[in-house]
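Grab a coffee and let's take a stroll through a protein model together. Have the structure open so you can find each spot as we reach it.

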Amino acid sequence: MNYSEKVMDHFINPRNVGEIENADGVGEVGNAKCGDIMKMYLKIEDETITDCKFKTFGCGAAVATSSMATEMIKGKSIDDALKLTNSAVMEALDGLPPVKVHCSVLAEQAVKAALTDYYQKQGIDPEPIVGKVPEMEEE
Amino acid sequence: MEKRIIYADHAATTAVSEPVLQAMLPYFQTNYGNPSSIYAKGRENERAIIDARARVAACLGADPKEIFFTAGGSESDNWAIKGIADKLAAKGKKHIITSVFEHHAVLHTCEFLEKHGFEVTYLPVSPEGLIDPAQVADAIREDTALVTIMYANNEIGTIQPIAEIGKVCKEHGVLFHTDAVQAVGNVEIDVKAQNIDLLSLSGHKFHAPKGIGALYIRKGVALSNLVHGGGQESGKRAGTENVPGIIGLAKAIELATADIPAKTAKLTPLRDKLIDGILQIEGTRLNGSRTQRLPGNVNISVVGIEGESLLLMLDHFGVMASSGSACTSGSLDPSHVLLSLGLSHEVAHGSLRLSFGEEFTEEDADYILSVLPGIVERLRSMSPMWETIRNEGIHFNADKTKLIKEGE
């Protein structure tokens, strides 16, 4: 597996690992059967993501894309976070091997899932804002 | 402990050893003649190949005329299975028996034959990764052309009762092929005593170079050619001989089989130390039989973490190993070998294979045992799966193949 130096850096030294107590939004995507689970925690104040942490079960690319995604949305507005795409995450990591592209998709979905949870907690229908996030597959 | 660099992936490939390299070197620039040529440079190489063939044969208990050089294990497997299938189909024998956890060189060849009108029985393996000769006997039919069962499994290192399976095949008059790619140099092989009709081997698993292997074909066994062309290898396998490879293979197999008991005596305690040490980590299971196992193979599942991240972290600490996780294969399914033992996907994803050879030391084992628990702890601390396992009281079922909730 030919990973870029940036991927290896974010894998060996992942940024923002952990949990946020009383997080304003928590999203979990992927499933153990396929070998990837990402859980994203957001702290949101005045429409801004003031803190972001993650936990990931998965391969090197899964850890690196989660780490990079948290870096890319931390301190940003919700609007900006919603614009985060998997290709932007991949680009920021200097690319991913083709078989690992789905990891970046998972990272984008983890952010969206956490924002969906945030809006649900606010009593706001998230779908018009966030769009549909694929449900976690149950076995 | 000071960082060490440890190559623990011998089941993948090995380095060409110094004596093997030295034996090969003259055949690149000095003795480069085509063995089919009439002049001295060619004739010398023809003699060198005759000598090498005899030496390879001696290591397997075979006759020199029964050894055919190939490009490696996959070619040997393809040739044995397709060659027999093609030959015996004319006699109405279109059934093959194999096992679910063979190497893909065997499995995909059998699947290919299924598309061409053959029927294949895939024998299940026991939870320990073993095949009972009685299963083979029960599966044999009137139209069975071939039984092909691997000698030792490449992932979990389990050694099959080859002599017993060979006996069953002989009694039923069915040809028996074994993929011995992982076995050569690790277990004593005697093709006559073990009633083996065809045996595949690959040089790079025991310090010969990549791209050279052999197929043993018992005298009297007829099979169609796979590679058509010139008359090399008694007209059975075309292509100008890989002379340096053949010379290297002969040297390597002599060295690998010279003292198997001593090698076993050295590696087995190290293997068991690693197994016992790693199993101290909570949430782990040994994959494959504890005793019917290659002396240099350890395969353990570590729940709550994924295999590729485990390998990357080990590599960061200088340890080169392998895994049966989906992420290392590029497919979504974890190893078919681990699944064949009854492991759930969750348990199979977190597997670690360490495979080592004679240069492996006690210090290497100690080093691996010193870094592994910290790596597992670190990966688990960031794993939402481990968090769920902890919070919801999820644990192994009785045979440690699946994860179940408290009270289930």
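What follows is a short tour, from the place where the chains meet, through the cores, to a few single residues.

Keep in mind that this is a predicted model.

Let's start where the two chains meet. On one side, 28 residues of chain A are in contact with 22 residues of chain B. Together the two chains bury about 2100 Å² between them, and 65% of that is on carbon and sulfur atoms. Charged partners show up too: three salt bridges are found across the interface of chain A and chain B. If you'd like to look at a salt bridge, try the side chains of Lys100(A) and Glu308(B), with 2.7 Å from N to O.

Now for the inside. In soluble globular proteins, nonpolar side chains tend to be buried together. Here the largest nonpolar core has 73 residues, and those touching the most other members include Met40(A), Leu42(A), Leu115(A), Leu310(B) and Phe360(B). The element giving the most to this core is helix H5 (residues 101-121) of chain A, with ten residues. Apart from it there is another core, of 72 residues, with Phe57(A), Phe69(B), Val174(B) and Phe206(B) among them.

Who does Leu42(A) touch? Leaving out residues up to four places away in sequence, its contacts include Ile20(A), Ile49(A), Cys52(A), Ile73(A) and Leu115(A).

Time for a few single residues. Here is how much of each one is accessible:

| Residue | Relative accessible area | Status |
|---|---|---|
| Ala214(B) | 1% | buried |
| Ile129(A) | 38% | partly exposed |
| Leu25(B) | 40% | partly exposed |

Ala214(B) sits in strand S8 (residues 213-217) of chain B. Because its relative accessible area is 1%, under the 20% cut-off, Ala214(B) counts as buried. Not counting residues up to four places away in sequence, Ala214(B) touches Phe68(B), Phe69(B), Leu199(B) and Leu249(B), among others. Leu198(B) is 16 residues from Ala214(B) in sequence, and their C-alpha atoms are 10 Å apart.

Ile129(A) belongs to helix H6 (residues 127-130) of chain A. Setting aside neighbours within four places in sequence, Ile129(A) is in contact with Leu82(A), Tyr119(A) and Ile124(A). Asp79(A) is 50 residues away from Ile129(A) along the chain, yet 9.3 Å separates their C-alpha atoms.

Leu25(B), finally, is found in the loop between helix H1 (18-24) and helix H2 (26-29) of chain B. Together with Val16(B), Leu21(B) and Phe28(B), Leu25(B) makes a nonpolar surface patch of about 330 Å².

Notes: Residues are numbered from 1 along each chain as its sequence is written. Chains are lettered from A and ligands numbered from 1 in the order in which they are written. This is a predicted model: local features need pLDDT of at least 70, side-chain atom pairs count only at pLDDT 80 or more; totals for chains, interfaces and linings use all residues. Side-chain values use heavy atoms; hydrogens and water are left out. Patches are made of residues with over 30% relative accessible area and no salt bridge: like charges are joined within 9 Å, nonpolar side chains (Val, Leu, Ile, Met, Phe, Trp, Tyr) within 5 Å. Accessible areas come from the Shrake-Rupley method with a 1.4 Å probe; for residues, only the protein chains shown count as cover. A salt bridge is a side-chain nitrogen of Lys or Arg within 4 Å of a carboxyl oxygen of Asp or Glu. Helices (H or I, at least four residues) and strands (E, at least two) are DSSP runs, numbered from the N terminus. Buried means under 20% relative accessible area, exposed over 50%, partly exposed in between (1.4 Å probe, protein chains only). A nonpolar core is a set of buried Ala, Val, Leu, Ile, Met, Phe, Trp, Tyr and Cys residues joined through side-chain atoms within 4.5 Å. Contact means heavy atoms within 4.5 Å. Buried area is the accessible area (1.4 Å probe) that two parts lose on being put together, summed over both.
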